[in-house]
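Open the model in your viewer and keep the selection tool ready. This tour goes stop by stop, naming what to pick and what you will find there.

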Amino acid sequence: MLAALLLLGASDPILVPEISQHEVQVRQGFRGTELLLFGAILTPEGTRAGQDYDIVVVLKGPTRSIVLREKQRIAGIWVNADSAEFRSAPTFFAVASSRPIKKIVDDKTAAIYELGLPWLQLSPIGSYDSKVQARMTAGLVDLLGRGGLYKESAKGVTVSQQVLYQARIDLPSSVQTGTYTAETFAIRNGKVVASAISRVEVRKTGMELAVATFARDHGFFYGLLAVALSVLMGILAGRLFALV
């Protein structure tokens with residue numbers, strides 16, 4: 001009986017995650033939105049876990065290949081210098097945790113689960129000097145961070161009575177369409193003891209969808225239309241200034 005009780009007390013918890021909206025519609029005039037990621041920490045029997053867990057939520061957008069070029073000033077002119085290509089850089093990456101990551105897990109565990117910007121695996125293509133690679137990686141993270149696409153919050157998760165948790169993550173207006181994964185980790189004594197995944201679909205609707213579909217299916221005619229509109233706007237602007 002004592003052994004059974006010990007095994008029961010040592011059983012890992014389960015996470016029951018949920019998201020405020022599983023679909024984000026990008027319409028004309030879209031200014032971004034806020035996602036509420038919440039859930040419960042329970043025992044396998046479905047009761048209150050009652051342990052001191054840390055919670056980390058990682059929201060990641062679809063990945064794509066990115067070429068980053070570094071500018072260098074030569075003779076007063078800015079020109080392209082070093083460049084690096086990343087095979088699978090997420091278009092959006094946000095981490096929210098109940099405490100600073102370094103106080104929750106060690107660097108190895110953080111790197112395995114990508115629990116923060118310093119441990120994000122960007123998969124550079126080709127062979128680069130370690131200093132150049134580190135500089136390019138830091139530059140990409142900084143560039144996307146200033147655009148609101150990469151972010152982390154050391155106290156972005158609140159846990160109530162070791163049962164309920166919640167985190168709020170903002171999606172900017174510049175988010176890419178596609179499937180976003182929200183992975184939640186329950187961590188105790190530096191080890192990930194449970195994880196769960198939810199998904200959010202970001203898609204264009206209305207005029208935004210029509211324009212994107214036309215550009216994808218009829219690229220040549222879309223280019224001609226864009227050039228024609230540019231020429232027309234230039235002629236109208238010239239006539240307007242001539243009248244003034």
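**Salt bridges**

The count of salt bridges in this predicted model comes to 6. Three of the stops below are among them.

Select R99 and D54. Their side chains meet in a salt bridge, 2.8 Å from N to O. The pair links distant parts of the chain, with the two positions 45 residues apart in sequence. R99 sits in the loop between β7 (93-97) and α2 (107-113), while D54 belongs to strand β4. Is each partner buried or exposed? R99 has a relative accessible area of 35%, so it counts as partly exposed. D54 is at 12%, and because buried means under 20%, D54 counts as buried.

Stay on D54 and widen the selection. Strand β4 covers residues 54-60, and D54 lies in it. Which side chains does the side chain of D54 reach with polar contacts? One is that of S98, at 2.9 Å. Another is that of R99, at 2.8 Å. Now show everything that touches D54, leaving out neighbours within four places in sequence. You will see S98, R99, I104, F185, A186 and I187.

Next, select E114 and K60. They form a salt bridge whose closest N and O atoms are 2.5 Å apart. This pair too links distant parts of the chain, 54 residues apart. Look for E114 in the loop between α2 and β8 (124-125), and for K60 in strand β4. E114 counts as buried because its relative accessibility is 13%. K60, at 21%, counts as partly exposed. The cut-off for buried is under 20%, so K60 falls outside that class.

Move to K102 and D107. Here the side chains meet in a salt bridge of 3.4 Å, N to O. Colour the two by accessibility. K102 is exposed, with a relative accessible area of 61%. D107 is partly exposed, with 45%.

**Aromatic pairs**

How many aromatic pairs are there? The count is 3. Two of them come next.

Select F92 and Y180. Their rings form a tilted pair, 6.1 Å centre to centre, with 55 degrees between the planes. The two residues are 88 residues apart and link distant parts of the chain. F92 is in the loop between β6 (77-90) and β7. Y180 is in strand β12, residues 178-188. Turn on the surface and look for them. F92 counts as buried, with 0% relative accessibility. Y180 counts as buried as well, with 1%.

Now pick F93 and Y150. This aromatic pair is edge-to-face: the centres are 6.2 Å apart and the planes stand at 65 degrees. Edge-to-face applies because the angle is over 60 degrees. F93 is in strand β7 and Y150 in strand β9 (residues 150-153), 57 residues apart. Hide the surface again to see them. F93 is buried at 0%, and Y150 is buried at 3%.

**A stop on strand β5**

Select V67. Its place is in strand β5, residues 63-74. V67 counts as partly exposed, with 43% relative accessibility. What does V67 touch beyond residues up to four places away? The contacts are A84 and E85. Then draw a line from V67 to P124. The C-alpha atoms are 9.6 Å apart in space, and the residues are 57 apart in sequence.

**A nonpolar patch**

Switch the surface back on and select L225, L229, L232, M233 and L236. These residues form a nonpolar patch on the surface. Together they have about 490 Å² of accessible area. Zoom in on L232, one of them. L232 lies in helix α5, residues 219-243. With 44% relative accessibility, L232 counts as partly exposed.

**Stepping back**

Clear the selection and show the whole chain as a cartoon. You should find 5 helices and 13 strands. The chain has 244 residues, and 33% of them count as buried. Its exposed area is about 14,800 Å², with carbon and sulfur atoms supplying 57% of it.

Finally, think about contacts along the chain. Among those with a separation of 6 or more, 69% are between residues 24 or more positions apart. The link between R99 and D54, 45 residues apart, is a good place to return to.

Terms used:
Residues are numbered from 1 along each chain as its sequence is written. This is a predicted model: local features need pLDDT of at least 70, side-chain atom pairs count only at pLDDT 80 or more; totals for chains, interfaces and linings use all residues. Side-chain values use heavy atoms; hydrogens and water are left out. Patches are made of residues with over 30% relative accessible area and no salt bridge: like charges are joined within 9 Å, nonpolar side chains (Val, Leu, Ile, Met, Phe, Trp, Tyr) within 5 Å. Accessible areas come from the Shrake-Rupley method with a 1.4 Å probe; for residues, only the protein chains shown count as cover. A salt bridge is a side-chain nitrogen of Lys or Arg within 4 Å of a carboxyl oxygen of Asp or Glu. Helices (H or I, at least four residues) and strands (E, at least two) are DSSP runs, numbered from the N terminus. Buried means under 20% relative accessible area, exposed over 50%, partly exposed in between (1.4 Å probe, protein chains only). Contact means heavy atoms within 4.5 Å. A polar contact is a pair of N or O atoms within 3.5 Å; within protein, one must be able to donate a hydrogen and the other to accept it, and residues adjacent in sequence count only if both atoms are side-chain atoms. Rings of Phe, Tyr and Trp (its six-membered ring) pair if their centres lie within 6.5 Å; planes under 30 degrees apart count as stacked, over 60 as edge-to-face and the rest as tilted.
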